[in-house]
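Q: Can we go through this model together? I have it open and would like to start with the cysteines.

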Amino acid sequence: QGGGDAEDEDEDDDLDANSDDSDDDDNVGDDDEEEAEEEEETFVPRKRLPAPAPLNQSFSLWSILRQSMGKDLSRISMPATINQPLSILQRTCEDLEYLHLLYDAIDRPAGVDRMTALAGFCISSYACWYSRPQKPFSPVLGETYDWTSPDGCVRVLVEQVIYDPPVAAWHVIGTTPNGGVPFSITGELAGVSKFWGKYVEVLVQGALHMQLPKTGESFTWTKATMNVHNVISGRIWIDMVGEIKVVAHNTGETATFRLHRAAKAEKRGKIEGEVCDARGARAVIISGNTSSEVFARADPDYTPPPGGAAPLSDGCYGDASPLFRWNGLADDAARQYGFTAFAITLNELTPEMLANLPPTDSRLRPDMRALEEGNGEKASDEKVRVEGMTRKLSTTRKANKETYAPVWFTKAAGGAGSRLVNYLEHGECLWSYRGGYWEQRENGEWEHPLTSPMFDVFGLEQFLRSRVECRRSSVNLLGGSSFGSSSAGRGSGGGGG
């Protein structure tokens with residue numbers, strides 16, 4: 001460090017050392033400031049929830065109903081302790097946990113191999129469901145959630161556009177990092193529950209639609225059904241069942257696979273399916289288990305069309321290279337609600353989010369935040385308050401003869417009638433993104449109607465008011481108190497109050 005030539009180092013050691021000490025004294029302040037700035041800019045997603053899930057957590061529907069004899073069941077609020085600290089909107093974003101599989105499918109040329117890769121991505125969305133018997137929080141009307149991929153290539157916005165029956169609209173915009181191919185995913189999903197005595201069946205109506213604007217290609221895929229077993233008594237377990245279809249509307253390839261119904265929890269996740277070319281001929285066989293590995297193998301009896309290549313001829317899949325491999329759960333998953341490492345990050349509330357999220361974002365829900373932080377009693381109290389806020393806003397709209405309109409999505413005009421979602425055969429979404437969300441999200445300057453009390457869906461008036469005052473005075477919001485029913489709130493990179 002002395003500044004002399006290499007051959008002069010020995011005789012100049014003392015002089016150089018003295019010079020270095022002087023330079024170090026002059027620069028130490030600058031270095032410390034630069035290091036502090038670098039540390040502040042480097043964000044590392046959390047690896048654990050703020051508090052562990054309760055031990056021996058169980059839920060019996062009968063225990064709730066028994067305590068509610070003679071009461072109006074529509075007014076019964078289930079305790080928050082039967083939930084996991086994620087909303088259904090956040091859970092839909094878990095479809096993108098294996099985002100690299102979607103990138104790989106999009107970057108491939110049109111044909112059987114692309115459809116096979118896309119099927120792998122669709123299959124990946126079911127692996128995370130089996131380990132979590134607790135239900136996600138049901139979104140209130142107008143609730144939203146956004147997510148940006150760690151590589152910055154994909155942005156997601158989900159909004160609860162209808163409360164009963166519940167319908168959530170999706171909008172995803174992105175570009176593959178390697179191929180630079182732009183894409184979008186749109187659609188809407190509605191959950192319809194049926195009780196069959198021993199289990200609850202949750203039918204997921206609707207579909208998701210992907211567009212590749214450079215080529216004009218479009219794809220659609222459906223969702224599986226969820227069965228919740230032992231809701232009356234015993235240990236609850238989740239099974240994903242049914243047939244899922246993926247269609248390439250322009251080129252004609254299809255994928256069809258079935259998640260088999262399990263007789264017991266240990267047998268869940270078995271999957272079988274096929275990929276067909278544009279002629280309808282089976283080209284690829286899919287088999288495996290979503291809780292471990294799923295494989296794609298070329299059908300030995302398949303004959304390609306004249307001039308066409310054999311499927312999977314590039315050796316991308318086979319016995320040594322599965323179509324999908326599950327990454328498993330997070331460390332200490334039993335105390336982390338059975339979450340994956342990806343799921344643990346979804347409700348994380350950073351200082352930037354606390355300052356800039358819209359008042360409708362799931363991460364600001366005080367009931368879910370309290371549950372995540374280990375305060376089950378407060379979570380249940382806040383859940384009752386949030387549900388009461390929903391009823392209050394609905395009553396106010398009716399009194400004013402106002403019709404609710406979603407902020408970020410609009411229903412397609414004409415032809416839809418009373419339909420709430422579009423399906424596979426429609427090939428496009430029913431609820432279209434209006435635009436403007438990310439521009440306002442950038443600095444947290446939200447415009448009407450989000451500034452109206454009618455969109456304070458979680459009852460955070462005091463927190464929202466203090467946030468505006470802090471922004472005006474350039475005060476760090478994290479120096480305040482925590483958001484919720486009684487105060488404005490403390491937050492951190494790992495979670496707010």
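**Cysteines, strands and spaces**

Q: How many disulfides are there?
A: The count comes to 0 disulfides in this predicted model. For background, a disulfide is a covalent bond between the sulfur atoms of two cysteines.

Q: What about C276, buried or exposed?
A: C276 is buried, because its relative accessible area is 8%, and buried means under 20%.

Q: And C470, buried or exposed?
A: C470 is also buried, since its relative accessible area of 16% falls under the 20% limit.

Q: Back to C276. What is its bridge partner in β13?
A: The partner is R282. Strand β12 covers residues 270–276, and 7 bridges join β12 to β13, residues 282–289. These two strands run antiparallel.

Q: What do β12 and β13 form, and how many residues lie between them?
A: They form a hairpin with 5 residues between them. In the turn, G280 has a positive phi of about 95 degrees.

Q: Which strand do 6 bridges join to β12?
A: That is β11, residues 254–259, and the pair runs antiparallel. One of the bridge pairs is F257 in β11 with G273 in β12.

Q: Ok, different strand. How many residues of β1 are buried?
A: In β1, residues 83–87, 5 of 5 residues are buried, so the strand is mostly covered by the under 20% rule.

Q: Which way do they point?
A: N83, P85 and S87 point one way from β1, while Q84 and L86 point the other way. Residues on both sides are buried.

Q: Does β1 pair with β2 in the parallel or antiparallel sense?
A: Parallel, over 2 bridges, with β2 being residues 135–137. S87 has F137 of β2 as its bridge partner.

Q: Zooming out, how many helices and strands are in the chain?
A: The chain has 11 helices and 17 strands. Of its 497 residues, 49% count as buried. Among contacts between residues at least 6 apart in sequence, 61% join residues at least 24 apart.

Q: Now empty space. How many cavities of 30 Å³ or more does a search find?
A: A search of the whole structure finds 2. The largest cavity holds about 70 Å³ of space, and the second largest about 60 Å³.

Q: What lines the largest cavity?
A: V140, L141, G142, T390, L393, R397, Y404, M454, F455 and V457 line the largest cavity. By class, that lining has 7 nonpolar, 2 polar and 1 charged residues.

Q: And which residues line the second largest cavity?
A: D95, F121, C122, S125, W170, I185, L208, W221 and K223. They divide into 6 nonpolar, 1 polar and 2 charged.

Q: What about pockets? How many residues line the second largest pocket?
A: The second largest pocket is lined by 26 residues, and F43, P45, W147, T148 and M353 lie nearest its centre. About 790 Å³ of space lies in this pocket.

Q: Which element gives the most to that pocket's lining?
A: β3 does, with 4 residues. The elements that each supply at least two residues are β3 (144–148), α6 (341–345), α7 (351–356) and α10 (437–441).

Q: How many of the pocket's lining residues are nonpolar, polar and charged?
A: The lining of the second largest pocket has 12 nonpolar, 4 polar and 10 charged residues.

Methods. Residues are numbered from 1 along each chain as its sequence is written. This is a predicted model: local features need pLDDT of at least 70, side-chain atom pairs count only at pLDDT 80 or more; totals for chains, interfaces and linings use all residues. Side-chain values use heavy atoms; hydrogens and water are left out. On a 1 Å grid over the protein atoms alone, a cavity is a set of points where a 1.4 Å probe fits but cannot get out, and a pocket is an open set with protein on both sides within 12 Å along at least five of seven lines; lining residues have an atom within 4 Å of a point. Grid points are joined across faces, edges and corners, and a volume is the space filled by probe spheres set on the points. Ala, Val, Leu, Ile, Met, Phe, Trp, Tyr, Cys and Pro count as nonpolar, Asp, Glu, Lys and Arg as charged, and the others, Gly among them, as polar. A disulfide is a pair of cysteine sulfur atoms within 2.5 Å. Buried means under 20% relative accessible area, exposed over 50%, partly exposed in between (1.4 Å probe, protein chains only). Two strands pair if DSSP finds at least two bridges between them. Contact means heavy atoms within 4.5 Å.
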